[in-house]
Amino acid sequence: MTEAILSRDAVLSAWRDAPSQAFEVRPFDAPVGAEVIGLDIAKPINDADFARLHRAHLDHHVVVFRDQRVSPDDHVAFSRRFGPLQIHVLHQFQLNGHPEVLIVSNIKENGEPIGLGDAGVYWHSDLSYKEIPSLGSLLHAQELPSEGGDTLFADQHLAWETLPPELQQRILPLKAEHSYLAKYEALRAKNPWRPKLSQAQIDQVAPAVQPVVRTHPETGRKALFVSEHFTTGIVGLPKEEGDALLAELFAHSVKPEFVYRHQWKPHDLVFWDNRSLMHLAAGTPDHLRRKLFRTTIEGDRPF
């Protein structure tokens with residue numbers, strides 16, 4: 001057994017044998033979401049406590065861990081408890097020494113952006129353009145503006161369940177194409193600092209075909225799985241018909257009664273389920289600084 005395996009086994013053993021942390025899970029008065037109070041993710045989390053967190057994530061779809069004064073190493077280690085991590089195609093905005101961490105920020109240093117400043121300007125589910133999309137993402141607040149910067153989350157299970165039955169039957173067998181490049185150049189035109197993609201980066205984000213309605217692999221619940229950011233068309237439908245159907249689904253999927261609006265507090269770590277939700281960045285005034293670190297957990301092939 002190698003030293004690395006021994007070290008990992010020792011860490012896992014320490015987690016399993018760790019004392020329980022006294023924390024609460026408090027649901028929000030919103031369609032989705034709960035906050036976790038009293039947990040320190042930098043400390044070992046035993047299996048029973050981790051099972052509570054996992055259950056809370058499945059039940060509430062977005063979980064806010066309050067007051068997490070933790071390092072990127074702690075953030076990465078906690079994220080890995082849920083599965084392997086995915087590396088974002090924009091390597092320019094990786095945190096130095098932590099390729100698993102994407103910097104989401106509007107800050108410029110020496111005239112250059114330190115992170116992705118326009119992340120989330122369209123509703124989307126992270127990495128839906130990959131054959132194996134994301135299970136979930138964890139976004140940790142580093143520097144917050146005095147106003148703005150909210151993140152909205154829309155429950156796609158509710159979106160599916162509230163569709164008329166005849167529309168449900170129509171879309172259930174359909175598939176759609178998702179492309180990272182769908183709005184990339186339009187975003188670059190608005191934000192010239194957004195980097196031009198190399199051919200190697202373009203090759204990493206070839207379009208993927210996904211079901212329009214996906215089934216959550218852990219709960220069995222169905223959810224809409226199309227987004228204005230990445231979904232480019234319905235497979236097998238004429239463009240005009242497919243675009244009309246997508247426009248109808250986009251409008252329905254983000255109705256106010258499905259949405260939780262997160263107003264960030266210092267040191268929040270927000271963990272959302274990309275299999276259940278879409279999210280949107282509400283925007284930050286240009287003159288106010290905002291910086292967050294994001295990890296993304298690999299999921300399963302949608303079905």
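**Exercise 1. Determine what covers the buried residues of helix α8, and how those residues are arranged around the helix.**

Solution. The elements covering the buried residues of α8 include strands β9 (151-155), β13 (222-224), β14 (231-234) and β17, together with helices α4 (156-161) and α5 (165-171). The model is a predicted one.

Step 1. List the buried residues. In α8 these are Gly 242, Leu 245, Leu 246, Leu 249, His 252 and Ser 253.

Step 2. Look down the helix axis. The buried residues of α8 fall within an arc of 130 degrees, so they line one face of the helix. An α-helix has 3.6 residues a turn, so residues three or four places apart point the same way.

Step 3. Turn to the face directed away from the buried side. There α8 carries the exposed residues Lys 239, Glu 240 and Ala 251.

Step 4. Check the length. Helix α8 covers residues 239-253, and its 15 residues should span 21 Å at 1.5 Å a residue; the end C-alpha atoms are 20 Å apart, which agrees.

**Exercise 2. Describe the surroundings of Ser 253 in helix α8.**

Solution.

Step 1. Classify the residue. Ser 253 has a relative accessible area of 1%; buried means under 20%, so Ser 253 is buried.

Step 2. Find a partner for the side chain. A polar atom of the Ser 253 side chain lies 2.9 Å from the backbone oxygen of Phe 250.

Step 3. Leave aside neighbours within four places in sequence and list the contacts. Ser 253 then touches Ala 154, Gln 156, Ala 159, Leu 224, Phe 258 and Met 278.

**Exercise 3. Characterise helix α2 (residues 47-60), from its ends to its cover.**

Solution.

Step 1. Compare the span with the expected value. The 14 residues of α2 reach 20 Å from the first C-alpha to the last, close to the 20 Å expected at 1.5 Å a residue.

Step 2. Examine the ends. At the N-terminal end Asn 46 caps α2, with a side-chain oxygen 3.2 Å from the backbone nitrogen of Ala 48. Just after α2, His 61 has a positive phi of about 75 degrees.

Step 3. Identify the buried residues. They are Asp 49, Phe 50, Leu 53, Ala 56, His 57, Leu 58 and His 60.

Step 4. Identify the cover. The buried residues of α2 are covered by elements including β1 (24-27), β2 (34-37), β3 (62-65), α3 (72-80), β8 (134-143) and β16 (269-273).

**Exercise 4. Place Arg 289 and find what its side chain contacts.**

Solution.

Step 1. Locate the residue. Arg 289 is in the loop between β17 (277-281) and β18 (291-298).

Step 2. Classify its exposure. At a relative accessible area of 42%, Arg 289 is partly exposed.

Step 3. List contacts, not counting residues up to four places away in sequence. Arg 289 touches Asn 106, Ile 107, Glu 143, Leu 144 and Pro 145. Arg 289 and Pro 145 are 144 residues apart in sequence, yet their C-alpha atoms are 5.5 Å apart.

Step 4. Find the polar contact. The side chains of Arg 289 and Glu 143 make one at 2.7 Å.

**Exercise 5. Compare the radius of gyration of the protein with that of a compact globule, and describe the overall fold.**

Solution.

Step 1. A compact globule of 303 residues would have a radius of gyration near 19 Å; the protein has 19 Å, which agrees. The C-alpha trace spans about 55 × 50 × 45 Å along its principal axes.

Step 2. The secondary structure comes to eight helices and 18 strands.

Step 3. Of the 303 residues, 51% count as buried. Among contacts between residues at least 6 apart in sequence, 81% join residues at least 24 apart.

Key: Residues numbered from 1 in each chain as written. Predicted model: local features only at pLDDT ≥ 70, side-chain atom pairs only at ≥ 80, totals over all residues. Heavy atoms only, no water. Helix = DSSP H or I, 4+ residues; strand = E, 2+ residues; numbered from the N terminus. Expected span 1.5 Å × (residues − 1). Buried < 20%, exposed > 50% of the residue type's maximum accessible area, 1.4 Å probe, protein only. Contact = heavy atoms within 4.5 Å. Polar contact = N/O pair within 3.5 Å; in protein donor to acceptor, adjacent residues only side chain to side chain. Rg over C-alpha atoms; globule rule 2.2 N^0.38 Å. Arc of directions from axis to C-beta.
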